[in-house]
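Colleague: Can you walk me through this structure? I'd like to start with the rings and then move on to other things.

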Amino acid sequence: MLREPYEMTAADLSKAYRMNKLSPIETTQACLERIKTCDADINAFCLIDPAASLAQAEASEKRWRHGVPLSPLDGVPVAIKDLLLTKGWPTRRGSLTIDASGPCIEDAPAVARLREGGAVLIGKTTTSEFGWKGTTDSPLKGITRNPWDKTKTSGGSSGGSAAALAAHFAPLALGTDGGGSIRIPASFCGCYGFKPSFGRVPAYPLSPFGTLAHVGPMSRTVLDSALLLNAITRPDARDCYALAYEAIDYTTRLGESMKRKRIAFSPRLGYAKNVITEVESLVAAAAKRFEDMGAIVEVADPDFGDPLPIFRTLWWVGAGFILDNLSPMQKEQLDPGLRNIGSKGANIALNDYLRANLARGNYGSQMRQFMERYDFLLTPTVAIPAFAAGQNTPFNEDGNDWMGWTPFSFPFNLTQQPAASINCGFTKAGLPVGLQIVGKMFDDAGVLAASAAYEAIE
């Protein structure tokens, strides 16, 4: 074995357990020790419970010893974003307004599926407050930093999960994505993040941001995200929006050829500003790699305008809903940026909200028609690399906050399509840059296949 247990992928850990070369207890102890040693200046975790994690590892070791693991992820450590309910642990959502005493009596669907599969829940990861922005700092836990450069942000709002992966605290993590919250930190931290088609992964309770919000896997390899997706797509009756369950093994298409696949490459989606030259160059080179694999790649912009006004209206109304359920004292405890957009959202007229929903439907229809001509759409994940930790934006405040530097992510929350971020290189300063791979609605397996094909040639 060439690596420490905390450096190994989930697939490699599962293989090592099966061959009796490593135990879940050894892996869990190694991950916990690394977190203890290294997380103080990263702040990826808001909750660690070594006794509970080790108890899960001990139970897993017994199952592997008797040849009856519950799943390929039995005994594999998984970090859980602190927006997802986790039985026995508080879900604070990055907020001082939530009582740590709970009740903590149920698991979110994805967490429940992991527990049923024997995975070791290694801890809860940090998030911006209620997941409202594309960076990870909160009144509850402060700033989460990027392991590649600790003066930089990890991105957000699943920044704790991405930082945990990049720092080798765990091989797998769960994230949520309402406007890029899986893909943004995946890009900034150089890991793989996958936002599945809406409803593919059951979710409960529904996010305050409604049907913009997805749950998905994060990992250091595409294979590991496919393995995680196999587990968390299993059905849960609590989600009335969930897609019909399909018993798909998402690993089976990972060797699929890209030859003759039709791919649109859109460097700016027809409207994006502030895209730095290094990002454009790295993403263009990544698109060329698909050509080298035999794909038919053409520059093509979805030519139906900037959807920011649509998204902003829906996002601000969601923030306003959060505020509506808080007392005046609790509102004073909020992240000032969340309080600001929530106040604006509370004043959006019902007709304007309904108009935004209608515009969203039209935008999604246009995007689906555009995608009829292509198997995949390639864009940058984020317009810029990671910037200074503790800031919401590196630009002058224009009222759009984090949305001003994330023009490529939130459109695909509006359309609900599957979209992934995979590392496509590094800036001269050594910061990761992400390539976004977007698929047709429901073609989650296709996006994973395209991601794996790119990963294999890098």
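Modeller: A definition comes first: rings of Phe, Tyr and Trp (its six-membered ring) count as a pair if their centres lie within 6.5 Å. Also keep in mind that this is a predicted model.

Colleague: Okay. Which residues form one aromatic cluster?

Modeller: Phe209, Phe311, Trp315, Trp402 and Phe410 make up one aromatic cluster.

Colleague: And how many aromatic pairs does the structure hold?

Modeller: There are 15 aromatic pairs in the structure. One of them joins Phe188 and Trp405, with 5.7 Å from centre to centre and 15° between the planes, and that pair is stacked.

Colleague: Where do Phe188 and Trp405 lie?

Modeller: Phe188 is in helix α6 (residues 183–189), while Trp405 is in the loop between β13 (376–380) and α13 (411–414), so their pair ties together parts that are 217 residues apart in sequence. Both Phe188 and Trp405 are buried.

Colleague: Why is the pair of Phe198 and Tyr241 edge-to-face?

Modeller: The planes of Phe198 and Tyr241 are at 65° and the ring centres are 6.2 Å apart, so the pair counts as edge-to-face. The cut-off for that label is an angle over 60 degrees. This pair also links distant parts of the chain, 43 residues apart: Phe198 is in the loop between β9 (192–195) and β10 (214–219), and Tyr241 is in the loop between α7 (222–232) and β11 (262–265).

Colleague: Is Phe198 buried or exposed? And what about Tyr241?

Modeller: Phe198 has a relative accessible area of 10%, so it is buried. Tyr241 has 43% relative accessibility and therefore counts as partly exposed.

Colleague: Which ring does the charged end of Arg312 sit over?

Modeller: The charged end of Arg312 sits over the ring of Trp316, at 5.6 Å from the ring centre.

Colleague: New topic. How many disulfides are there?

Modeller: The count is zero disulfides.

Colleague: Why is there no bond for Cys38?

Modeller: The closest cysteine sulfur to that of Cys38 belongs to Cys31 and is 11 Å away, so it is too far for a bond. The cut-off for a disulfide is 2.5 Å between the sulfur atoms. Cys104 has no bond either, because the closest cysteine sulfur, in Cys46, is 12 Å from its own. As for accessibility, Cys38 is at 22% and counts as partly exposed.

Colleague: Now the empty space. What volume does the largest pocket have?

Modeller: The largest pocket has a volume of about 670 Å³. Its lining has 40 residues, and Pro205, Leu206, Ser207, Pro208 and Ala213 lie nearest the centre.

Colleague: Which element gives the largest share of that lining?

Modeller: That is α9, which supplies three residues. β8 (172–177), β10 and α9 (308–324) each supply at least two. By class, the pocket lining has 23 nonpolar, eleven polar and six charged residues.

Colleague: And what about the cavities?

Modeller: One cavity of 30 Å³ or more is counted, and the largest cavity has a volume of about 70 Å³. Among the residues lining the largest cavity are Arg200, Pro202, Tyr245 and Glu246. Six residues of that lining are nonpolar, one is polar and two are charged.

Colleague: Last one: where is Leu269 found?

Modeller: Leu269 is in the loop between β11 and α8 (277–292), and it is buried, with a relative accessible area of 3%. Its C-alpha atom is separated by 7.5 Å from that of Thr379, 110 residues apart along the chain.

Methods: Residues are numbered from 1 along each chain as its sequence is written. This is a predicted model: local features need pLDDT of at least 70, side-chain atom pairs count only at pLDDT 80 or more; totals for chains, interfaces and linings use all residues. Side-chain values use heavy atoms; hydrogens and water are left out. On a 1 Å grid over the protein atoms alone, a cavity is a set of points where a 1.4 Å probe fits but cannot get out, and a pocket is an open set with protein on both sides within 12 Å along at least five of seven lines; lining residues have an atom within 4 Å of a point. Grid points are joined across faces, edges and corners, and a volume is the space filled by probe spheres set on the points. Ala, Val, Leu, Ile, Met, Phe, Trp, Tyr, Cys and Pro count as nonpolar, Asp, Glu, Lys and Arg as charged, and the others, Gly among them, as polar. Rings of Phe, Tyr and Trp (its six-membered ring) pair if their centres lie within 6.5 Å; planes under 30 degrees apart count as stacked, over 60 as edge-to-face and the rest as tilted. Helices (H or I, at least four residues) and strands (E, at least two) are DSSP runs, numbered from the N terminus. Buried means under 20% relative accessible area, exposed over 50%, partly exposed in between (1.4 Å probe, protein chains only). A charge sits over a ring if NZ of Lys or CZ of Arg is within 6 Å of the ring centre and within 35 degrees of the ring normal.
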